[in-house]
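Notebook open, coffee poured. I wanted a look at some backbone oddities and at how the domains sit together.

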Amino acid sequence: MTLSQTHVRVTVALSGWLALAATALPGASPARWIPVLLFVTLGPGFALLYPQPGTLRPGARLEALALVAPLSLSFGALMSTCLFLVHGFSATAFLISLAAFSTVACAFPGLPLPAATRGAVERTKRAKPGAGR
Amino acid sequence: MQQRVPTPVQGSKQQPPDGPAGEQTADAPTKGARRWSRPDLIQPQILFTWLPLVIATALWVYSLPHIDYRHMDDWGLLDQLPAAFYLSLAVLTGGFVVSLRRAGTAPWWPGLYSVALLFALKAPTAILYNSVRYPWSSKHDAVVNHLLANQELRPGVPLSGNMAAYDQWPGFFTLNAGLVRAFGVDTAASYLNWASLFYGVVLIPVLVLIYRTFAEDWRLVWTGVWIFEVANWVGQDYFSPQGMALILDLAVLAVVFRHFVRPGAAGELRSRANLDPAAASIPPPTTGRQRAVCIAILAPLIAAINFTHQLTPVMLCVALFALNLTRRYRNPGLLVVTAVIMLIWDVTMGRPLFVETLASLKESVGNLLNNSRAGYAGELTGPGPVLQGRADVVMVLVIAGLAAVAVVLRRKLVKSALPLLLVSIAPVPLFAVNDYGGEMLFRVYLFGLPGAAFFAAAALVPAAAGQGKGRIRPVVRRRVAAVALPLVLVLLVAGFIPAYYGKERMYYTPPAETAMVTKVLDNAPKGSMILAVTGSFPQALHRYDQLEHWYVAEQEEPQNAIMLRDPVGYLEPQLPKDGRPVYFVLTRTQDFYTAGEGLLPAGGFAELKAKLEASPKFRVIDGNAYGTVLQYVAPRPG
């Protein structure tokens with residue numbers, strides 16, 4: 001693992017806890033809502049998709065960039081809904097669950113989607129003649 | 001080597017060794033390219049790339065304080081936007097067109113212009129407004145407040161106006177409940193005007209990803225994004241679950257387009273010789289096992305869509321079904337998993353509305369005319385709303401017309417991008433199923449727009465020099481495009497303004513009106529009935545779980561004419577007789593809405609108000625320049 005990968009992992013893992021710490025600030029100051037917004041919008045997705053191995057197909061980085069926010073928002077919606085369903089909702093529980101999830105996800109390599117890896121099938125095979133829509 | 005050449009498209013006849021060739025050019029710079037040298041900023045090609053952005057930004061910033069949104073008249077925001085604002089959009093469009101010339105080597109420039117366009121078009125109201133934009137945004141704010149007050153979901157508790165649906169598909173609202181508490185703000189009203197910008201910024205990379213899957217040419221990609229932005233007048237990207245669900249839906253489709261190609265199914269499209277010069281190579285195929293893993297990765301996204309919104313999962317299933325009609329994307333497993341997740345949610349959390357909708361399908365299925373109309377289909381009244389209505393129709397026709405031109409003229413591109421075309425037209429048959437509360441028209445348009453914008457862009461962005469066959473010579477085609485591209489983009493931007501801001505007087509909710517409604521609803525005893533002409537006013541659904549609502553003019557138009565003749569006689573038989581208080585809230589925003597949308601005839605709101613105020617059955621209990629509150633005086637028993 002390179003140093004930069006370690007940096008990415010540590011930064012993403014800490015971002016959730018930093019967002020949680022920011023909620024201790026009084027009122028709705030930018031020092032409070034900016035880290036929260038950035039973490040909820042990007043944190044979990046970043047933790048799942050990064051760091052990417054260097055052997056990925058071109059375009060995989062664009063893919064990871066595009067999917068970071070949708071994945072993060074998905075986990076935010078899933079987590080908060082589950083907390084409501086178990087009557088355990090609070091801002092602290094919401095952020096702790098996302099921060100813990102991100103921290104654990106950071107310990108693993110980024111999710112390489114199949115066609116972004118070098119292992120996609122038929123890469124070297126000749127395409128069969130015939131129509132394909 | 002393909003990269004670092006001025007022409008954006010180099011249609012190689014060879015299949016590139018690693019899939020989409022353009023991606024390689026963008027993502028794998030050579031050692032030589034890494035040696036950064038300071039660009040000559042006044043070199044004409046570079047100067048005309050960055051200078052328009054600076055000028056447009058300056059004009060736009062200058063124009064902001066001159067937008068007098070507080071004194072809008074019949075034209076909405078159209079005549080309140082200063083010339084500098086319109087000029088900034090023209091300069092921005094010019095700069096975008098110039099930046100496209102370097103899109104092959106510097107795709108970030110048109111990207112930057114696209115983000116700037118998003119801000120230029122949608123930031124003014126977010127920055128300027130001192131209250132909530134769109135009365136129905138405050139409905140969603142009320143849902144977040146309702147969840148925070150109750151600290152639980154009550155999907156089975158019936159609520160007036162089908163509001164229980166928000167407890168049944170709560171993902172967006174629970175997420176915002178978390179954000180409200182974590183931000184430390186009182187309500188989501190503090191930030192909800194920024195939703196369209198937030199959604200836009202998150203959506204652009206997803207759109208780029210989808211377009212890059214089918215197009216190697218960055219000019220085509222960014223023109224598609226630009227057209228999507230200006231054609232997205234439909235106003236669904238406000239603080240709403242559907243705005244978020246659309247992003248998740250497109251993210252799922254992006255992954256499907258890129259990772260669910262079946263082995264051997266691309267056939268002749270594997271050869272670049274059979275592709276449009278602007279087209280990207282077909283993504284590499286994946287094994288069944290890889291696709292199964294990918295479904296597991298997609299499951300949280302699909303689940304979140306189902307947690308969030310009732311219609312989007314249907315749209316996703318319809319899109320996946322359409323993809324299954326192709327050999328390339330025949331993945332019944334993914335369709336089944338998506339449908340099963342949807343059904344599980346529908347029969348558990350969403351059961352009440354799901355059952356009700358199923359029951360109503362008997363009436364709505366096949367009723368195309370009714371299902372495809374907008375709202376209650378009154379006749380738009382007033383110059384702003386009429387212009388907006390016409391601009392909406394023209395925008396739809398222009399986008400559809402351009403897309404149709406591309407479908408006819410760029411058959412090779414259509415062949416490789418057929419999945420995107422299918423996904424775009426897949427929602428159209430839903431007109432045959434349900435009217436979705438008069439919203440189906442807008443939703444079908446919204447879900448079809450990403451593909452339509454791509455093909456509309458393909459009609460405007462010509463294939464690279466010397467490429468492509470056809471009756472029209474490439475040089476003629478290029479000359480036509482050199483005129484058509486800027487012209488159409490300017491016209492579309494010009495069309496967006498009336499299409500988006502023509503009805504703005506209905507959308508701006510004055511703080512004094514908001515305060516008056518909040519006060520009345522806060523003081524109304526639990527169980528009170530709140531009457532209003534329409535639900536389109538600020539805080540209409542404040543405390544909605546404790547109050548009953550009746551929006552009297554939200555019905556078929558002939559009924560409104562009957563009601564207007566004798567409002568008290570029409571309403572009184574349907575008012576509660578059990579002693580619960582009944583309030584009639586009449587506000588300025590309701591007046592603008594009912595007049596603009598044609599729910600009531602010209603002067604109808606004033607007539608209704610006058611008749612209610614004159615009636616001994618109603619007494620005025622509050623009022624200011626923005627509205628009047630009346631209380632029903634129930635007859636004494638006996």
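Below are my entries on two backbone angles and one domain contact, all taken from a predicted model.

**Entry 1: B:Y134.** I looked up phi for B:Y134 and got a value near 75 degrees, which is positive although the residue is not glycine. Where does B:Y134 sit? I found B:Y134 in the loop between α5 (108-128) and α6 (135-150) of chain B. Then I checked burial: B:Y134 has 23 C-beta neighbours inside 10 Å, so I put it down as buried, the cut-off being 20 or more.

**Entry 2: B:R543.** Here phi is near 55 degrees, again a positive value in a residue other than glycine. I traced B:R543 to the loop between β1 (529-532) and β2 (548-551) of chain B. Buried or partly exposed? I counted 18 C-beta neighbours inside 10 Å for B:R543, so I wrote down partly exposed.

**Entry 3: domains of chain B.** I pulled up the domain assignment, which gives domain 1 as 44-131 + 192-505, domain 2 as 135-190 and domain 3 as 510-632. How far apart are the centres of domain 1 and domain 3 of chain B? Over C-alpha atoms, I read 38 Å between them. I also noted who takes part in the contact: 12 residues from domain 1 of chain B and 14 residues from domain 3 of chain B. Last, I sorted the domain 1 side that touches domain 3 in chain B by class, and got 3 nonpolar, 6 polar and 3 charged residues.

Note on methods: Residues are numbered from 1 along each chain as its sequence is written. Chains are lettered from A and ligands numbered from 1 in the order in which they are written. This is a predicted model: local features need pLDDT of at least 70, side-chain atom pairs count only at pLDDT 80 or more; totals for chains, interfaces and linings use all residues. Helices (H or I, at least four residues) and strands (E, at least two) are DSSP runs, numbered from the N terminus. A residue is buried if 20 or more other C-beta atoms lie within 10 Å of its own, exposed if 12 or fewer, and partly exposed in between; C-beta atoms are placed from the backbone. Domain bounds come from an automatic or database domain assignment. Two residues are in contact if their C-beta atoms, placed from the backbone, lie within 7 Å. Ala, Val, Leu, Ile, Met, Phe, Trp, Tyr, Cys and Pro count as nonpolar, Asp, Glu, Lys and Arg as charged, and the others, Gly among them, as polar.
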